[in-house]
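Biologist: Before I rely on the descriptive words attached to this model, I would like to hear how each of them is justified. Could you take me through the reasoning behind them?

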Amino acid sequence: MFDALLNTASLALTNAVGDAQTWLFVTLVQPLLYQFHFMDMDDLAYDGTLWVVAGAVQVAVIYLILRPLEAVRPLEHWADRKAVRVDVIYTLINRLGLVGLVFFLVLQPAFDNLQAWLRLYGMVNLNLDELLPHMRTHALLGFVIYLVVLDFAGYWYHRWQHQIQWWWELHAVHHSQRQLSLWSDDRNHLLDDALQQAFFAALALLIGVPPGQFVALTLMGGALQSLQHANIRMRFGPWGERLLVSPRFHRLHHAIGYGHELGHQNNARLYGCNFGVLFPWWDMLFRSADFSTPPQPVGIRDQLPPPQGRGVDYGRGFWAQQGLGLRRMVRRLMPPRSLGAGSNSGDAAGV
Amino acid sequence: MRRQFLKAAASAALAPALARAIPAWAAGLPPDVVVVLNSGDATISLIEQSTRRVVQTFPVGKEPHHLMATPDNKLLIVANAVGNDLVFLNPISGQPEGTRAGIEDPYQIGFSPDKQWFLTNCLRLNRVDLYRYLGGRSLQLVKRMPLDALPSHMAFTADSAIAFISLQQTNEVAALHLPTQTLLWTLKVGETPAGVWLTPQDQTLLVALTGADAVMAVDWRNRQVVKRIVTGRAAHNFRSMADGRHVLVSNRVADSISILDMQALSKVGDITGLRPGPDDMELSADRRWLWTTFRFDRTVGVIDLQARKLVDVIEVGKSPHGIYFYDRAPFYDNLSPAQQAHVPRAA
């Protein structure tokens with residue numbers, strides 16, 4: 001009974017998304033392609049339209065579920081939500097496909113040329129479904145395997161974001177939010193977004209993730225990460241928390257003095273804790289997990305006014321955050337003699 | 001198997017009403033299936049022709065775009081562009097019979113009329129791979145020819161000397177000389193060329209412009225565009241009407257199919273009121289029913305060519321592209337009946 005209902009709902013949602021994709025493509029996208037002489041991208045644009053439609057549905061569903069929970073069971077009580085507004089912009093830019101569009105226009109041709117060149121000289125992809133043919137006939141099995149592989153890569157990618165100094169300066173845009181909410185997941189520097197897109201697209205291509213499944217994987221990952229950042233008093237229980245990254249687990253990653261700062265536990269080596277994207281298993285395996293510390297204030301230490309911090313400005317608006325992030329990164333990349341005092345963020349790799 | 005199929009076909013011809021009421025496979029006969037490639041879902045939909053119902057959907061591989069039968073008509077080849085493999089089906093029942101891995105980016109495929117060559121257009125990798133066809137499922141890679149950019153459709157001259165390849169990004173058609181495996185020439189034809197088609201006796205090369213509303217008629221021997229035939233927006237792919245004179249061309253933005261006179265090099269009619277993105281087409285042996293995939297509608301349509309009207313729409317998977325059925329009208333206009341028997345169409 002439940003299965004039948006679930007299947008019916010899933011089919012209805014798929015059809016509704018498909019209908020919306022067709023409508024948007026036929027009404028707006030394809031006429032523009034035709035008018036402006038981009039018809040060689042016709043098929044790719046049709047696929048791209050799905051990202052926009054599915055992203056809009058995802059944002060709506062996330063908002064309808066998580067926002068009431070934030071209102072009813074907040075972990076932190078804020079005087080107002082002004083600081084959250086900019087994160088809404090980040091979310092819309094990211095999940096409605098603008099970042100993807102830039103990636104598609106700028107990086108995709110380079111990707112295609114690189115792949116063509118590698119193939120011509122006999123360097124082929126490592127398609128997982130060639131090693132495990134059952135993945136082709138059992139879509140769910142394939143989905144789970146791709147999810148685990150991408151999540152494992154995501155764990156290490158995330159650690160590098162904290163460990164590599166210039167990269168941390170970009171990633172600090174994400175960590176500079178002191179009011180974590182359902183909108184915070186996409187608060188990233190655009191350059192960081194582009195790097196992330198390129199990394200995961202290359203990996204997906206290398207292991208042969210089917211394009212349709214890549215959309216589903218991205219949507220599912222995005223929804224769970226929105227939940228992780230939500231301002232909700234929610235626990236998954238001792239077992240659930242070890243199965244899936246919970247809001248409590250991820251909030252500790254954002255915590256001042258714990259998640260991305262030297263000095264906590266073994267963080268002198270790891271530059272933080274709880275790096276897992278969807279599964280905490282990798283943190284448990286590589287000894288970077290912290291399940292015990294209670295919730296702490298979030299942000300970056302040097303944002304705090306003296307004497308706790310240095311009152312460093314990470315920007316309030318979108319452009320200020322982007323500009324300051326870029327400036328911090330450039331300073332990190334410049335020779336040490338040109339570094340001015342207090343020019344870099346004080347946490348993680350910046351210390 | 002073949003005899004059973006003929007029995008089923010005879011029954012359907014004698015008693016169409018009965019055939020519609022009782023699905024062929026329910027009566028213990030092999031289904032007269034239409035094979036549809038859902039390129040966006042990585043699946044195949046099998047539609048029973050007589051009832052026009054989807055009777056089976058199964059996974060086939062990543063991005064199956066085009067399909068065609070082997071020269072002996074014993075196997076149907078599905079080319080998985082992103083899967084980098086070929087899947088072999090029974091051409092009558094549509095059931096899988098094996099896979100050939102290691103065929104890189106086979107977006108479009110084609111056999112030369114002399115059955116010596118099997119070509120794959122690698123759209124994503126910007127090259128054409130030439131395989132020697134050794135019969136059955138045996139292919140031997142002979143040459144990889146880089147060809148910028150976006151090689152998409154192909155057509156062969158009847159003597160198998162030349163393969164014409166449309167290049168969607170550079171707005172050209174390339175002529176490959178098969179005996180020497182060399183590029184003879186390229187010719188600018190217009191925006192985003194897709195389908196390429198040779199008229200009877202290889203007289204004229206027709207090139208459908210998906211970036212425009214026209215088919216270009218090319219005197220390929222003199223490398224000259226001789227006429228621009230206005231069709232509908234985003235002319236895309238061809239299918240013979242098997243009458244020696246007319247060819248159909250699908251228009252992906254106009255949502256129509258134009259009928260061209262290959263002698264007069266002019267448009268003589270349109271089939272309008274279709275669903276979004278008509279693409280590949282297949283014609284019944286009696287020349288009455290035209291099946292077409294609607295790329296952006298997740299459906300397949302059946303058009304009554306007598307009435308020039310869409311009479312049935314069948315829901316399939318995402319981004320349906322190639323379509324095939326066994327009992328069909330001859331596909332090519334430039335090949336003799338004997339060659340047609342051995343060289344089924346490229347969808």
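Biologist: How many residues does each chain bring to the contact between chain A and chain B?

Modeller: In this predicted model, the contact takes 22 residues from chain A and 30 residues from chain B. On the side of chain A that touches chain B, α1 (2-35), α2 (42-72), α4 (98-120) and α6 (134-137) each supply at least two residues, and α1(A) gives the most, with six residues.

Biologist: What makes up that side of chain A by residue class?

Modeller: The residues of chain A that touch chain B divide into nine nonpolar, seven polar and six charged.

Biologist: How do the two chains stand in secondary structure and burial, and how do you know?

Modeller: Chain A has 15 helices and zero strands, whereas chain B comes to three helices and 28 strands. Buried residues make up 39% of the 351 residues in chain A and 58% of the 347 residues in chain B, where a residue counts as buried if 20 or more other C-beta atoms lie within 10 Å of its own. Among contacts in chain A between residues at least 6 apart in sequence, 69% join residues at least 24 apart, while in chain B residues 24 or more positions apart account for 43% of the contacts with a separation of 6 or more.

Biologist: Why is the packing of α7(A) against α10(A) called oblique?

Modeller: The axes of α7 (residues 139-163) and α10 (residues 211-229) of chain A come within 10 Å and cross at roughly 60°. Angles from 65 to 115 degrees count as roughly perpendicular and those under 35 as roughly parallel, and the rest that are not over 145 are oblique, so α7(A) is oblique to α10(A). The crossing of these two helices is also right-handed. Gly142(A), Phe143(A), Tyr146(A), Leu147(A) and Leu150(A) of α7(A) make the contact with Gln213(A), Ala216(A) and Leu217(A) of α10(A), and by class this contact has six nonpolar, two polar and no charged residues.

Biologist: What makes α7(A) roughly perpendicular to α8(A)?

Modeller: Helix α7(A) and helix α8 (residues 165-175) of chain A pack at an angle of about 100°, with their axes 6 Å apart. Because the range for roughly perpendicular runs from 65 to 115 degrees, this angle makes α7(A) roughly perpendicular to α8(A). Here Trp160(A), Gln161(A) and His162(A) in α7(A) meet Trp167(A), Trp168(A) and His171(A) in α8(A), and the residues of the contact divide into three nonpolar, three polar and no charged.

Biologist: Why are β3 and β28 of chain B said to stand at the edges of their sheet?

Modeller: Four strands of chain B form an open sheet in the order β3-β2-β1-β28, with antiparallel pairing. Strands β3 (53-59) and β28 (320-324) of chain B each have a single partner strand, so one side of each is left without a neighbour in the sheet. The twist averages 25° from one strand to the next.

Biologist: How do you know that β1(B) and β28(B) are paired?

Modeller: Two strands are taken as a pair if there are at least two bridges between them, and β1 (residues 33-38) of chain B and β28(B) pair in the antiparallel sense over three bridges. Within this pair, Val36(B) stands opposite Ile323(B) in β28(B).

Biologist: What makes β21(B) mostly covered, and which strands pair with it?

Modeller: Five of the six residues of β21 (residues 246-251) of chain B are buried. Strand β20 (residues 235-240) of chain B pairs with β21(B) in the antiparallel sense over five bridges, and β21(B) pairs likewise with β22 (residues 256-261) of chain B over six bridges. Ser250(B) stands opposite Asn237(B) on the β20(B) side and opposite Ile257(B) in β22(B). The hairpin of β20(B) and β21(B) has five residues between the strands, with Ala242(B) at a positive phi near 60°, and the hairpin of β21(B) and β22(B) has four, with Asp255(B) in the turn at a positive phi of about 55°.

Biologist: Why is Asn73(B) called partly exposed?

Modeller: Asn73(B), in the loop between β4 (64-69) and β5 (76-80) of chain B, has 15 other C-beta atoms within 10 Å. A count of 20 or more would be buried and 12 or fewer exposed, so Asn73(B) is partly exposed.

Terms used:
Residues numbered from 1 in each chain as written. Chains lettered and ligands numbered in written order. Predicted model: local features only at pLDDT ≥ 70, side-chain atom pairs only at ≥ 80, totals over all residues. Contact = placed C-beta atoms within 7 Å. Axes fitted to C-alpha atoms, helices over the stretch in contact; angles between N-to-C directions. Left-handed = near helix turned anticlockwise from the far one by under 90°. Nonpolar A, V, L, I, M, F, W, Y, C, P; charged D, E, K, R; others polar.
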